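Student: I am new to this structure and should be grateful for a close look at a single part of it. Please take one helix, and then follow what lies around it and elsewhere in the model.

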Amino acid sequence: MELWTILRDIVVLLGASLLVGGVFSRFGQSPIVGYLFAGMILGGPGSIHAVGSEHEIEAIAELGVALLLFSLGLEFSVQRLKKLGAKPLLGGALQVVFTIILAFAGASLFGLGVKESVAFGAMVALSSTAVVLRILAERGEVEMPHGRNSLGVLLTQDIAVVPLALLMTILGGEGSAGEMLWNVGRLLLMASGLILGLLLLTKIAVLTLGTLTLHRNRELTVIFAVVTGLGAAWASHAVGISPAMGAFLAGMLLGSSAFATQIRADISPLQVVLLTLFFGAAGMVADPIWIIKHGHIVGIVVAALIAGKLLVIWVIFAMLGQTTRVSVATGLCLAQVGEFAFVLGSIGRTSGVVSENTYALVVSAAIVSFFLSAFLVPAAPRLGNWVAALSGTQATTIDDTDPLSPPPDVAIIGFGPAGQIAARPLVDKGLRVTIIELNQVGVRKAKQLGFHAEIGDATQSDVLEHARLNECKAIVITVPHHQSAMTILKHVRRNAPYVHTIVRSRYELHTDDFVSAGAHVVTGDEQQVGESLADHLNEWLDTQDSNYEQSSGGSLSA
């Protein structure tokens, strides 16, 4: 009975999120705001109590954050993470330290004790991984300078969750100094073992997938993605590390494989559902009645936190050599209280360090900052440019900066015989060529020719998006199946209306369909076969005529 009750609550919450999120999306706002509103109205204190399984839903929803980080890890392989540089990670560490110091000073001024002031600083120091990365990913800004900075800081904050949780325990007076040192040492040892284990398992998994015919067994990559992403989250939780951090590491280790693009696409639907549940569950944590009664205090705290975090991150990244526009944009992206404040607050409340009122204040500030982030994160580049213009810096848009790696010049979808023939002119041309193919034989052949190749089903728009085909100059679609080729062409035309598109048509009767769908050039198999047959027939006839003339000439001379 309990299972069906939880299922009913999940369906109700998702249905309300769909409705309210759709309304906000219709008016040009982030649907995240709608998800938070839906959760706040349906469940938790001060709600209509239509959903009563908030704790169970919250536990399930945490997996959405893990899958989000797993998906991002697939995009940021070890090589690309190296290109990210040390500055974002160093900036994240400095941000956590200085934010705790400033928050401690502010809380002390308002009369909180020393221990509770430190705990307050620890709770508000972290930003929201789920909110920030979700919005940046929606807007395609993860690889922009402020997006890379934000990712580096958020990763550092995820690492900092463990020592901050230990700090909350120490403040509660539980355990001696020796026991704390033992716990830290044991944690570091288990974390090292986890990383080695994930490295070994991903190597084995990639080798195993390489022996399977994924173009015939598409469900295998779905199962593999879920097992890897959720398995890494579980393993991380088991050793006392942030599940999201473990999932990111697993994704990062897989990011260098040819399967990364397809795995991202396969895991995307489950990630969307779980993240929607996460935001709904976050809304249920808030007490709207408490927020209304203490609105002036919540407003002051939220304004101080947004301004304080913006200033701290701006100064830190400016000192690290970042431009004004990038530093300001990064600060505004991260100017909110993160979801880990709930976790740290629960530890502090259990150990007696944090009072009920302080916990309620931090939770309320976090929820309000979630709402505001849906508007502030999209505005971050504009604010960065505005501040840069005021300071006399050259006014160029923040998005003009080159991303971590340049996009492909040409993409070929399908690398069978037709695709390989089409690719011949591209060999040794110095162009960046990406091949999308489900058959691993084609992928190996593409790599032998020096092309970048990824395993993926291009009929899924997520595959095209993650492979950055919308930034190509030309796309060649050689897939023989008419409906699949048409689906791919429609995705291309929708996401990249100006890219030059060449399509293979197996039958002549489909040529007009492809042209109507937006193909610039259509090459038909039947036409090519007919021309080839005609050429061979002409050669044979010419040979026959030559033989006839020779035989006739010989008989006449005789």
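Tutor: What follows begins with one helix and then turns to the cores, a pocket and a cavity.

The model is a predicted one. The part chosen is helix H14, which runs over residues 295-319. Its 25 residues, at 1.5 Å a residue, should span 36 Å, and the C-alpha atoms at its ends are 36 Å apart, so the expected and the computed span agree. Just after H14, Gly321 has a positive phi of about 95°.

Which residues of H14 are buried? They are Val298, Val301, Val302, Leu305, Ile306, Lys309, Leu310, Val312, Ile313, Ile316 and Phe317. As to their partners, the buried residues of H14 pack against several helices: H5 (87-109), H6 (114-124), H8 (145-171), H13 (288-293), H15 (324-333) and H17 (356-390).

One of these partners, H17, leads to the nonpolar interior. The largest nonpolar core has 138 residues, and those with the most contacts inside it are Ile57, Phe70, Ile263, Phe279, Ile367, Ile435 and Phe451. H17 gives this core its largest share, 14 residues. Phe451 may serve as an example: apart from neighbours within four places in sequence, Phe451 is in contact with Phe415, Ala423, Leu426, Val427, Val433, Ile435 and Ala446. A second, separate core has 24 residues, including Ala265, Ala411, Leu464 and Ile475.

Another partner of H14, helix H8, leads to open space. H8 supplies at least two residues of the lining of the second largest pocket, as does each of H3 (54-75), H9 (177-210), H10 (219-238), H11 (243-254), H12 (260-285) and H16 (340-350). This pocket has a volume of about 820 Å³. Its lining consists of 32 residues, and nearest the pocket centre lie Glu62, His237, Pro243, Phe340 and Val343. By class, 23 of the lining residues are nonpolar, five are polar and four are charged.

Enclosed space remains to be described. The count gives one cavity of 30 Å³ or more, and the largest cavity has a volume of about 40 Å³. Its lining is made up of Val479, Pro480, His481, His482, Ala485, Arg504, Ser505, Arg506, Tyr507, His510 and Phe514. Helix H21 (482-495) and strand S5 (500-505) each contribute at least two residues to that lining. The classes there are five nonpolar, four polar and two charged residues.

Conventions: Residues are numbered from 1 along each chain as its sequence is written. This is a predicted model: local features need pLDDT of at least 70, side-chain atom pairs count only at pLDDT 80 or more; totals for chains, interfaces and linings use all residues. Side-chain values use heavy atoms; hydrogens and water are left out. Helices (H or I, at least four residues) and strands (E, at least two) are DSSP runs, numbered from the N terminus. The expected span of a helix is 1.5 Å times one less than its number of residues. Buried means under 20% relative accessible area, exposed over 50%, partly exposed in between (1.4 Å probe, protein chains only). Contact means heavy atoms within 4.5 Å. On a 1 Å grid over the protein atoms alone, a cavity is a set of points where a 1.4 Å probe fits but cannot get out, and a pocket is an open set with protein on both sides within 12 Å along at least five of seven lines; lining residues have an atom within 4 Å of a point. Grid points are joined across faces, edges and corners, and a volume is the space filled by probe spheres set on the points. Ala, Val, Leu, Ile, Met, Phe, Trp, Tyr, Cys and Pro count as nonpolar, Asp, Glu, Lys and Arg as charged, and the others, Gly among them, as polar. A nonpolar core is a set of buried Ala, Val, Leu, Ile, Met, Phe, Trp, Tyr and Cys residues joined through side-chain atoms within 4.5 Å.
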